Amino acid sequence: MLREVSQKRVLPFLGQITRGLSASALPEQVQYDPQTSSAPTPQPAPFSYVPPGRNHLFVPGPVNIHERVLRAMHVPGQNHRDPWFAQFFKDCLEDSKLMYGTKEATPFIFSGTGTGGWEAALCNTLSPGDKVVCFRYGLFSHLWIDMMQRLGLDVQVVDRPWGEGANEDMLEDILRKDTEKKIKAVAVVHNETTTGVTSDIAGCRKAMDAANHPALLLVDGVSSIGALEFRMDEWRVDVAVTGSQKALSLPTGLAFVAASPKALEAMKSAKLKRVYYDFADMLRTNPSGNVPYTPSLAMLYGMRESIKMLREEGMENVFARHHRLGEGARRAVEGWGLKLLCKNPRWRSDSLTVVEVPEGVDSNKIVKTAYAKYDLSLGIGLAQINGKVFRIGHLGNMNELMLVSALAGAEMAMIDAGVPIKPGSGVGKAIEYWHQTSSVIKTRESLVQ
Ligand code: PLP
């Protein structure tokens, strides 16, 4: 009964959010749609309403920004031509190597997003008509392939079911058959943010080696780098790409790219047109601490603080923390009696968890209710799995108690949407796991001895 009442109050309002109106604009501007609800027309509100407490942000990027990073970014306008900038920017580039796990690669920082990073990876290493092999198992791999095709590359698309990762045997087979070595690059989305699947890049490299194939290995690490194990040098990744709003826990606006010596060699003969994302312009200016165009200083300050935090924690601890968070979320899903979209445990992502909802339930309803009732932002199911799954992001600036709020909110929103779940069934499983596996914060060990 209670549930029915609350749904009646909440859901008409939700329909309006999907039409892209901002929450503060809702009371004045929303037009009541009689086809979707029987609720009264919202009346103009005398003030714009911000709910108390904080929004619980659990989409797989943009992610929560740490106070330290926010403070570091709070700077007045400055001149990047002043003498201090050169050393500062050289340090930014050097610092960024930490997240890729590289000593050998050359890092680049562009103003842009992950999509710009994709373009940089392709345009700087390939020529029109070059053959590229790419797995497609979600929206982001699909979009990268679309970019390749629009750039005039000849893409051999390897379609896999959504929920699976890069199949190394298939890759090896394709490369073995390419006896004339026409394939110039293998492109892999490491963590497919649509499906919560992490492919095995070391395994892909092994397949390339087994086929004795010289293709470049281009990796989209947009929702993995800085959160999940990434070893650019060891795996001999040629170009790695990420974006600031993911594991680095910054606002959106920087595209990070790193290129191996082999990729820089390929650049010399690569003929795809490039302007803004041309490595050559960066290589001319970066070594002396210069940039070819105006840098976003606030973002660079934030990035340095964010990398400093990763360094303080230690990358191995960062990977372990993400694993703990991912495993807790997976146990919650099990406790709810639901299934993950990713069926094979080897591919389950520690950056995000993608939950299948039972037949007959619309996952959009869960996501909307979570936002409208509990101020919790979950990720919707994208493209062909819209309505069938929802996504819980747990990458970047995140800890167990933050994530427990998302699990609790998801649990309540699912109950609101009619999923037969016992309150506490998922949260209970997660906390059972975390209280056994979480470690004492390293500077606080003496308090618990
Ligand atoms: N690749 C992956 C795996 C992503 O998750 C995203 C965005 O979510 C992108 C690429 C595109 O990045 P952006 O939206 O920053 O351009």
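Here is a short conversation about how some features of this predicted model get their labels.

User: Before we start, what makes a feature count here?
Analyst: As this is a predicted model, local features need pLDDT of at least 70 and side-chain atom pairs count only at pLDDT 80 or more, while totals for chains, interfaces and linings use all residues. Residues are numbered from 1 along each chain as its sequence is written, and side-chain values use heavy atoms, with hydrogens and water left out.

User: What is the mean pLDDT of the chain?
Analyst: The mean is 92, and 90% of the residues reach 70 or more; pLDDT is the predictor's confidence in each residue, from 0 to 100. Over residues 1–34, though, the pLDDT is below 50, and this stretch has 49 contacts in the model beyond near neighbours in sequence. A contact means heavy atoms within 4.5 Å. Where pLDDT is low, the predicted coordinates should not be read in detail.

User: Why are α15 and α16 called roughly antiparallel?
Analyst: The axes of α15 (residues 400–416) and α16 (residues 425–437) cross at roughly 165° and come within 8 Å. Axes are lines fitted to C-alpha atoms, for helices over the stretch in contact, with angles from 0 to 180 degrees between N-to-C directions. Angles over 145 degrees count as roughly antiparallel, so α15 and α16 earn that label.

User: Which kinds of residue make the contact of α15 with α16?
Analyst: They divide into eight nonpolar, two polar and two charged. Ala, Val, Leu, Ile, Met, Phe, Trp, Tyr, Cys and Pro count as nonpolar, Asp, Glu, Lys and Arg as charged, and the others, Gly among them, as polar. Leu-403 and Glu-411 of α15 are among them, as are Gly-426 and Trp-434 of α16.

User: Why do β1 and β11 stand at the edges of their sheet?
Analyst: That open sheet of five strands has the order β1-β13-β14-β12-β11. Two strands pair if DSSP finds at least two bridges between them. β1 (56–58) and β11 (339–340) each have a single partner strand, so one side of each is left without a neighbour in the sheet.

User: How do you know that β12 and β14 pair?
Analyst: Five bridges join β12 (residues 352–356) to β14 (residues 389–393), which meets the requirement of at least two. The two strands run antiparallel, with Glu-356 opposite Val-389 in β14.

User: What are the edge strands of the seven-stranded sheet?
Analyst: In the order β2-β10-β9-β8-β5-β3-β4, the edge strands are β2 (106–111) and β4 (154–159), each pairing on one side only.

Technical notes. Helix = DSSP H or I, 4+ residues; strand = E, 2+ residues; numbered from the N terminus. Parallel < 35°, antiparallel > 145°, perpendicular 65-115°, else oblique.
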